[in-house]
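Please consider the sequence and the three-dimensional structure shown below. The explanation after them leads through the structure for a reader who is new to it.

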Amino acid sequence: MSVFFPAEMADEALFQFLHNELIQYVNNAESGENENGRCVSKPENMGFRVGQGLIERFTKDTARFKDELDVMKFICKDFWTCVFKKQIDNLRTNHQGIYVLQDNKFRLLNQLSAGKQYLEHAPKYLAFTCGLVRGGLYNLGVKSIVTAEVSVMPACKFQVMIQKM
């Protein structure tokens with residue numbers, strides 16, 4: 001008996017499986033070393049390269065962006081929808097180069113418990129996405145530092161600090 005999965009559902013399941021395997025691989029590879037930062041930097045660097053490639057594909061038929069805010073709106077709406085099948089729930093800025101992107105049900109944290117026992121593992125699951133955003137922004141001409149924080153799972157906030165090139 002075969003089970004029918006719509007293409008989008010299968011794509012999402014494959015992406016989540018690949019992401020989980022990536023985290024597992026990096027954790028196992030780094031388990032003998034005491035460099036906890038490397039457990040985050042490797043997936044972040046991989047995400048950066050993927051973000052660069054994805055943004056090239058997503059923007060090939062798009063007009064140039066007017067300003068930094070337009071770029072961030074594109075990331076929150078179109079880019080996020082293509083990758084995570086939903087828009088960012090909230091975008092805030094201080095109009096001085098800092099943006100906060102809030103996702104109230106971040107898909108890569110959904111499989112973890114909603115309780116606090118897995119909260120300490122959240123940074124490992126967010127590193128790839130931080131790199132994804134940073135790589136996408138970089139290819140759009142916006143140099144940035146992207147960090148993430150989780151206080152209640154599966155909600156998370158990504159902070160994007162724009163650096164002048």
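The paragraphs that follow take up confidence, aromatic pairs, selected residues, a pocket and the backbone.

The structure is a predicted model, and its confidence values are a suitable place to begin. The mean pLDDT of the protein is 82, with 79% of its residues reaching 70 or more. Among the elements, strand β2, which covers residues 98–103, has the highest mean pLDDT, 97. The lowest mean, 66, belongs to helix α1, residues 7–30. Over residues 1–10 the pLDDT stays under 50, and for this stretch the model has two contacts beyond four places in sequence. Where pLDDT is low, predicted coordinates should not be read in detail.

The aromatic side chains come next. How many aromatic pairs are there? The count comes to eight. In one pair, the ring centres of Phe58 and Phe79 are 5.8 Å apart and the ring planes stand at 65°; an angle over 60 degrees counts as edge-to-face, so this pair is edge-to-face. Phe58 belongs to helix α2 (residues 36–59) and Phe79 to helix α3 (residues 68–84), so the pair ties together parts that are 21 residues apart in sequence. The two partners may also be described by their accessibility. Phe58 has a relative accessible area of 25% and is partly exposed, whereas Phe79, at 1%, is buried. Elsewhere, one aromatic cluster is formed by Trp80, Phe84, Phe106 and Phe158.

Helix α2 also holds Glu44. Is this residue buried or exposed? Glu44 counts as buried because its relative accessibility is 14%, and the limit for a buried residue is under 20%. Leaving aside residues up to four places away in sequence, Glu44 touches Ala127, Phe128, Cys130, Gly131 and Arg134.

One of these contacts, Cys130, leads to the question of disulfides. The structure holds zero disulfides. For Cys130, the nearest cysteine sulfur is that of Cys156, 8.4 Å away, and Cys130 is in no disulfide. Cys156 is likewise in no disulfide, and its nearest cysteine sulfur is that of Cys130. Why does this pair not count as a disulfide? A disulfide requires sulfur atoms within 2.5 Å, and these two are 8.4 Å apart, so the pair does not qualify. Cys130 is buried, with a relative accessible area of 6%, and Cys156 counts as buried at 2%.

Strand β2, already met for its mean pLDDT of 97, contains Tyr99. At 4% relative accessibility, Tyr99 counts as buried. Not counting residues up to four places away in sequence, Tyr99 touches Glu68, Leu69, Met72, Leu91, Arg92, Thr93, Phe158, Gln159, Val160 and Ile162. Among these, Ile162 is 63 residues away from Tyr99 along the chain, yet the C-alpha atoms of the two are separated by 8.2 Å. Phe158, another residue that Tyr99 touches, is also a member of the aromatic cluster with Trp80, Phe84 and Phe106.

Glu68, one of the residues that Tyr99 touches, also appears in the lining of a pocket. The second largest pocket has a volume of about 210 Å³. This pocket is lined by 13 residues, of which Glu68, Val71, Leu140, Gly141 and Val142 are the closest to its centre. Which elements give two or more residues to the lining? They are α3 and β4, the latter covering residues 156–163.

Finally, the backbone has several points to examine. Most residues other than glycine have a negative phi, and most peptide bonds are trans. A cis peptide bond joins Met153 and Pro154, with omega about 0°. Pro154 lies in the loop between β3 (143–149) and β4.

Two further residues have a positive phi. Lys85, which is not a glycine, has a phi of about 65°; Lys85 is located in the loop between α3 and β1 (90–93). With a relative accessible area of 33%, Lys85 is partly exposed. His95, also not a glycine, has a positive phi of about 60° and lies in the loop between β1 and β2. At 67% relative accessibility, His95 counts as exposed.

Notes:
Residues are numbered from 1 along each chain as its sequence is written. This is a predicted model: local features need pLDDT of at least 70, side-chain atom pairs count only at pLDDT 80 or more; totals for chains, interfaces and linings use all residues. Side-chain values use heavy atoms; hydrogens and water are left out. Rings of Phe, Tyr and Trp (its six-membered ring) pair if their centres lie within 6.5 Å; planes under 30 degrees apart count as stacked, over 60 as edge-to-face and the rest as tilted. Helices (H or I, at least four residues) and strands (E, at least two) are DSSP runs, numbered from the N terminus. Buried means under 20% relative accessible area, exposed over 50%, partly exposed in between (1.4 Å probe, protein chains only). Contact means heavy atoms within 4.5 Å. pLDDT is the predictor's confidence in each residue, from 0 to 100. On a 1 Å grid over the protein atoms alone, a cavity is a set of points where a 1.4 Å probe fits but cannot get out, and a pocket is an open set with protein on both sides within 12 Å along at least five of seven lines; lining residues have an atom within 4 Å of a point. Grid points are joined across faces, edges and corners, and a volume is the space filled by probe spheres set on the points.
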